[in-house]
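I opened this entry to keep track of what I looked up, item by item.

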Amino acid sequence: MQEIADVIGRESALKLIGSAKGAGRRSWRVNIYVPARLSPDHQLVRVLGWHSAYRLCRYFGGEILQPSSCSFIERAFRNQSIMTMNAAGRTTSEISHDLGISCRTVRHVIASAKAPVAKPAGNDNHTR
């Protein structure tokens, strides 16, 4: 991901990865074929625009890139949005509808955030 971001910028890299297809059973990464020659109607041009697509082809032309799907970034953003909406007094149903996720997912995120963090066992730092 970082190598792609170095070439076309972070926002464009995230947009590209978000539009890419998964890599089979490895859901944590995506497949992106970067052609050696770029045509104006290529998918990369539609997603990134000509300038960024051209730069990507110039650096990675002819390669199949398999970066991380960055789903952890999306999940963290989603969870933060849930907590912000919940703190603003929105109902589980409203949050679910607005974000396009299930009520169960909303309840789980809220419950996980409110759960106390367990202290590691055997780590009592009592003064004797």
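I began with aromatic pairs, keeping in mind that the model is predicted. My search of the whole structure returned 1 such pair. The partners are Trp-50 and Tyr-54, and their arrangement is stacked. I noted 6.2 Å from centre to centre and 25° between the planes. The label follows because planes under 30 degrees apart count as stacked.

Next I looked up where the two rings sit in the sequence. Both Trp-50 and Tyr-54 belong to helix α4, which covers residues 50-60. They are 4 residues apart, so about one helical turn separates them.

Are the two residues of the pair buried or exposed? Neither label applies: Trp-50 is partly exposed, at a relative accessible area of 43%, and Tyr-54 is also partly exposed, at 44%. I checked the cut-offs, since buried means under 20% and exposed means over 50%.

I then turned to Ser-12, which lies in helix α2, residues 10-19. Its relative accessibility is 16%, so I entered Ser-12 as buried. Which residues does Ser-12 touch, once its neighbours within four places in sequence are set aside? I found Leu-48 and Ser-52.

Helices α6 and α7 came next. I have α6 at residues 92-99 and α7 at residues 103-114. Their axes come within 8 Å and cross at roughly 115°. I therefore wrote down α6 as roughly perpendicular to α7. The crossing of the two helices is right-handed.

Which residues make the contact between α6 and α7? From α6 I listed Thr-92, Ser-93, Ile-95 and Ser-96. On the α7 side, I listed Cys-103, Val-106 and Arg-107. Sorted by type, the residues of this contact are 3 nonpolar, 3 polar and 1 charged.

Last, I looked up the chain as a whole. I recorded 7 helices and 3 strands. Their order along the sequence is α-α-β-β-α-α-β-α-α-α. The chain has 128 residues, and 29% of them are buried; Ser-12 has that label too.

For contacts, I took those between residues at least 6 apart in sequence. Of these, 54% join residues that are at least 24 apart.

Terms used. Residues numbered from 1 in each chain as written. Predicted model: local features only at pLDDT ≥ 70, side-chain atom pairs only at ≥ 80, totals over all residues. Heavy atoms only, no water. Axes fitted to C-alpha atoms, helices over the stretch in contact; angles between N-to-C directions. Parallel < 35°, antiparallel > 145°, perpendicular 65-115°, else oblique. Left-handed = near helix turned anticlockwise from the far one by under 90°. Contact = heavy atoms within 4.5 Å. Nonpolar A, V, L, I, M, F, W, Y, C, P; charged D, E, K, R; others polar. Phe/Tyr/Trp six-rings, centres within 6.5 Å; stacked < 30°, edge-to-face > 60°. Buried < 20%, exposed > 50% of the residue type's maximum accessible area, 1.4 Å probe, protein only.
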